[in-house]
Amino acid sequence: MQSKIVFGLLFGGVCVATLMLYQAYLFNILIAFLLCVATIWLKHWLQNYVKNALLASLFALLLMIGLVFIPVLFVCYRAFLGVKMINWSSLQSMFDQSKLALQNLAEKLPFIHDYLPSLLNEISFAKISGIVLKLSSIVGENGLKFIIDGFVVIVFLFVFFYFGERLYAYMKRILPFEEAQINEVAMEVSGTLRLVFLSTFFNVVMQGTAFGIIAYFFGFDGVLLGILYGICSMIPIVGGVIVWLPICAILVYQGDFKGAVIVGLYSAVFIGFIIDNIVKPWLIGIVNKRILRTPLQINEFVIFFAILAGIGAFGFWGIIIGPAITALFIALLRVYEHEFVDKNKDMI
């Protein structure tokens with residue numbers, strides 16, 4: 001008994017020391033682990049062809065880098081170049097012309113004549129340029145942090161890809177649960193994450209491609225705006241509005257009112273309503289029923305609110321953390337129902 005107490009104290013102290021040692025990387029390790037759980041099928045599929053676990057893990061990692069990290073870095077890089085190449089004198093001239101046009105408009109509209117001029121006087125190009133420079137510095141700092149965190153995630157993702165099966169077998173041996181219970185929870189969580197990953201990926205590709213085409217048609221950088229729109233489409237509620245609304249404003253400023261209306265209707269109706277509200281739920285159902293080995297018994301609305309809550313609590317990576325926590329909670333509830341509630345009723 002005494003030896004167990006000593007071992008428990010020693011083990012607890014070592015666990016605390018280990019957490020302190022890896023504290024700076026715990027969140028990145030969690031992201032890498034959840035990405036591995038969501039995409040381990042990709043490594044298994046590749047291993048059927050290369051017949052080597054190390055090569056399959058490496059190829060799966062390269063695919064994940066190409067699908068997740070490179071598009072985000074591409075947008076950050078192009079945004080940095082865009083800010084660097086801004087012609088501030090031209091922007092100031094455009095700002096002054098826009099301000100003058102609004103002042104002339106205020107004189108023709110009595111109901112805003114008393115409010116708009118005073119509001120315009122509070123707005124200056126110096127203030128706006130200061131805000132832009134401050135935002136660009138914040139974006140630059142966050143971009144650098146994303147690169148560093150992304151590198152750590154990539155390293156641990158490869159480790160989980162390569163040692164994932166052995167780690168899962170080890171956890172089944174040491175956890176104080178029956179193997180069937182562990183498998184049930186693991187299947188629920190991994191299936192939910194796989195569903196979220198695949199449906200999100202297909203949705204990003206569809207929406208990004210659709211907007212990239214219309215942007216290219218009107219003379220914009222279709223590749224950059226398509227990728228940016230696809231990334232923003234993962235944000236619940238606002239989504240691609242962050243991208244298409246400024247594009248419409250630019251077209252209006254250029255005098256192309258018809259083009260602005262076309263882009264706005266195309267983005268709001270075809271992309272925002274048809275693709276996001278009709279095609280996406282249908283796609284989730286296809287993934288759930290035909291791609292997953294065992295269809296999940298979890299409602300699509302639960303996944304949607306899990307993503308929304310995850311983004312609010314954890315930022316960008318909440319897209320995968322929110323559904324993981326929700327799926328784990330639901331799976332544990334089902335285990336509790338099967339193992340305790342049903343057995344108690346049978347005993348009665």
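Guide: A residue is called buried when its relative accessible area is under 20%, and exposed when that area is over 50%. The model shown here is a predicted one.

Visitor: Why is Gly318 called buried?

Guide: The relative accessible area of Gly318 is 0%. The cut-off for buried is under 20%, and 0% falls below it, so Gly318 is counted as buried. The residue belongs to helix 13, which covers residues 318-347.

Visitor: With which residues is Gly318 in contact, leaving aside its neighbours within four places in sequence?

Guide: They are Ala306, Ile307, Gly310, Ile311 and Pro323. A contact requires heavy atoms within 4.5 Å. As for Leu308, its C-alpha lies 7.9 Å from that of Gly318, and the two residues are 10 apart in sequence.

Visitor: How do you know that Ser57 is buried or exposed?

Guide: Ser57 has a relative accessibility of 0%. Buried means under 20%, and therefore Ser57 counts as buried. Its place is in helix 3, residues 53-84. When residues up to four places away in sequence are not counted, Ser57 touches Lys43, Phe158, Phe161 and Tyr162.

Visitor: What makes Asn203 count as buried, given a relative accessibility of 2%?

Guide: The value of 2% must be set against the limit of 20% for buried residues. Since 2% is under that limit, Asn203 counts as buried. This residue lies in helix 8, and beyond four places in sequence it touches Ser233, Ile275, Asp276, Lys280 and Leu283. Ile275 stands 72 residues from Asn203 along the chain, yet their C-alpha atoms are separated by 7.8 Å.

Visitor: Is Lys51 counted as buried or exposed, and how do you know?

Guide: Lys51 has 67% relative accessibility. The label exposed applies over 50%, so Lys51 counts as exposed. The residue sits in the loop between helix 2 and helix 3. Its phi is near 60°, a positive value in a residue other than glycine.

Visitor: What makes helix 2 kinked, and where is the kink centred?

Guide: The bend at a residue is the angle between two fitted axes, one for the seven residues ending there and one for the seven starting there. In helix 2, residues 26-50, this angle comes to about 55° at the kink, which is centred on Thr39. Lys51, with its positive phi, comes just after helix 2.

Visitor: How many helices and strands does the chain have?

Guide: The chain has 13 helices and zero strands. Of its 348 residues, 33% count as buried. Among contacts with a separation of 6 or more, 70% are between residues 24 or more positions apart.

Visitor: Which residues lie nearest the centre of the second largest pocket?

Guide: Val37, Tyr168, Ala186, Met187 and Ser190 lie nearest its centre, within a lining of 41 residues. The space in this pocket is about 1600 Å³. Helix 2, helix 7, helix 8 and helix 13 each supply at least two residues of the lining, and helix 8 gives the most, with 11 residues.

Visitor: How many residues of that lining are nonpolar, polar and charged?

Guide: The lining of the second largest pocket has 31 nonpolar, seven polar and three charged residues. Val, Tyr, Ala and Met are among the types counted as nonpolar, and Val37, Tyr168, Ala186 and Met187 therefore belong to the nonpolar class. Ser190 counts as polar, because Ser is neither on the nonpolar nor on the charged list.

How values were computed
Residues numbered from 1 in each chain as written. Predicted model: local features only at pLDDT ≥ 70, side-chain atom pairs only at ≥ 80, totals over all residues. Heavy atoms only, no water. Helix = DSSP H or I, 4+ residues; strand = E, 2+ residues; numbered from the N terminus. Buried < 20%, exposed > 50% of the residue type's maximum accessible area, 1.4 Å probe, protein only. 1 Å grid on protein atoms, 1.4 Å probe; cavity = no way out; pocket = protein on both sides within 12 Å on 5 of 7 lines; lining within 4 Å. Points joined across faces, edges and corners; volume = space filled by probe spheres on them.
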